[in-house]
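Dear colleague,

I am passing on the structure we spoke about, together with some notes on what came out of going through it. Please look at the model first and then read on.

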Amino acid sequence: MTPARVPLAVAAAGAALAGLVIVAFSVGRFPVSAGDLVGILWAKLAGSAHGIDPTVEAVVLKIRGPRVAAALLIGAALAAAGAAYQNMFRNPLVSPDILGVSAGAAVGAVLGIFLSLNVIAIQSLAFAFGLGAVGLVYVTARAVRGHDPLLVLVLAGVVVGSLLGACVALMKYLADPYNQLPAITFWLLGSLASASPEDVWSTLPLMLLGLVPMWLLRWRINLLSLEDEEARALGVETGRIRLVVIMAATLMTSAAVAISGVIGWIGLVIPHFARLLVGPDFSRLLPTSILLGGAFLLAVDTLARTVARIEIPLGVLTAFIGTPLFLWQLATTRRGWQ
């Protein structure tokens, strides 16, 4: 990718995202025309009357609006976290849940459902347990000396993730098979069907809080793809930068999983496509991953609610779409990922 083509690639990703937003608002069991959509949104921004059926306004602003916003936020957050993790671990197979954040959030949400708590409490437990799982992984890795720190982090993430998966399995086994078990299974498959404006507004600050340090440290994150000795020779304290990146990516991922359930493949596949478009420079890779991640999840969510008479879980659909995309990319890419 030549530098002159980078703005064109980013503009194309932005245009695709804008087109998908229009499609997501328009299609469904209650179709909305492009004219009505523009009229409602313009009237909302200008504070004027639009003269359109109130039912159409309710569909756009109260039903599809929060869902579209949640899809954009969650897709962008997972893709940004995946891009940061892949750079940091120097591994193209790393995804945001490598350190156990998804498994920890799953334990928290399943515990909340098992205890018959309300939605806010379930989301809060998912968020807290996701952060706690990564904290446990990091403390465990710090306690192990004499080994590659990145390798120890990954291994600790695998071990803690397996333990948390066993906790989820135990609670599923003990749950009420008529009420609690279906709710647990539905949450673990991932969905945005119950996304609300409150979810969006509560998640947005956490997403920005994780995104800001990634952007401010973008050139240092580039150096994390080098060996630690080389990065230190260039004046970068790899341990501190790595901790900040882990905290930022975990915050974004945990906030996303708390409101959507476990959605895989976005943080693994999307950074690869962004890297093909704009190259490995993190200052270009991060915004492109954000655009593509939001567009991908929005497209998948639109398919999930329109392709069949019943809504398909997002975790299932992202796997069906992400697997062939990733295999195609592996088969057609001739250069290294860095």
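Which residues does Met214 touch, leaving aside those up to four places away in sequence? In this predicted model, the partners of Met214 are Ala80, Ala81, Ala84, Ile221, Ala248, Ala249, Met252, Phe282 and Leu286. Met214 is also one of the residues that touch the most other members of the largest nonpolar core, a group of 88 residues, and it shares that standing with Tyr85, Phe89, Leu99, Ile266 and Phe282. The element that gives the most to this core is helix α3, spanning residues 54-89, which supplies 18 residues.

The second point concerns a pair of helices. Helix α1 (residues 6-26) and helix α13 (residues 282-306) have axes that come within 9 Å and cross at roughly 25°; since angles under 35 degrees count as roughly parallel, α1 and α13 are therefore roughly parallel to each other. Their crossing is left-handed. On the α1 side the contact is made by Val6, Val10, Ala13, Gly14, Leu17, Leu20, Val21 and Ala24, while α13 brings in Arg284, Thr288, Leu291, Leu292, Gly294, Ala295, Leu298, Ala299, Thr302 and Arg305. Sorted by class, this contact of α1 with α13 holds twelve nonpolar, four polar and two charged residues.

Ala18, which also lies in helix α1, has a relative accessible area of 41% and is therefore partly exposed. Between Ala18 and Leu291 there are 9.8 Å in space, C-alpha to C-alpha, although the two are 273 residues apart in sequence.

Lastly, two backbone values may deserve your attention when you go through the torsions. Most residues other than glycine have a negative phi. Ser116, however, is not a glycine and has a positive phi of about 60°; Ser116 sits in the loop between α4 (101-114) and α5 (119-143), and at 58% relative accessibility it counts as exposed, because the cut-off for that class is over 50%. Trp265, likewise a residue other than glycine, has a positive phi near 75°. Trp265 is placed in the loop between α11 (238-260) and α12 (266-278), and with a relative accessible area of 28% it is partly exposed.

With best regards

Notes:
Residues numbered from 1 in each chain as written. Predicted model: local features only at pLDDT ≥ 70, side-chain atom pairs only at ≥ 80, totals over all residues. Heavy atoms only, no water. Core = buried A, V, L, I, M, F, W, Y, C linked by side-chain atoms within 4.5 Å. Buried < 20%, exposed > 50% of the residue type's maximum accessible area, 1.4 Å probe, protein only. Helix = DSSP H or I, 4+ residues; strand = E, 2+ residues; numbered from the N terminus. Contact = heavy atoms within 4.5 Å. Axes fitted to C-alpha atoms, helices over the stretch in contact; angles between N-to-C directions. Parallel < 35°, antiparallel > 145°, perpendicular 65-115°, else oblique. Left-handed = near helix turned anticlockwise from the far one by under 90°. Nonpolar A, V, L, I, M, F, W, Y, C, P; charged D, E, K, R; others polar.
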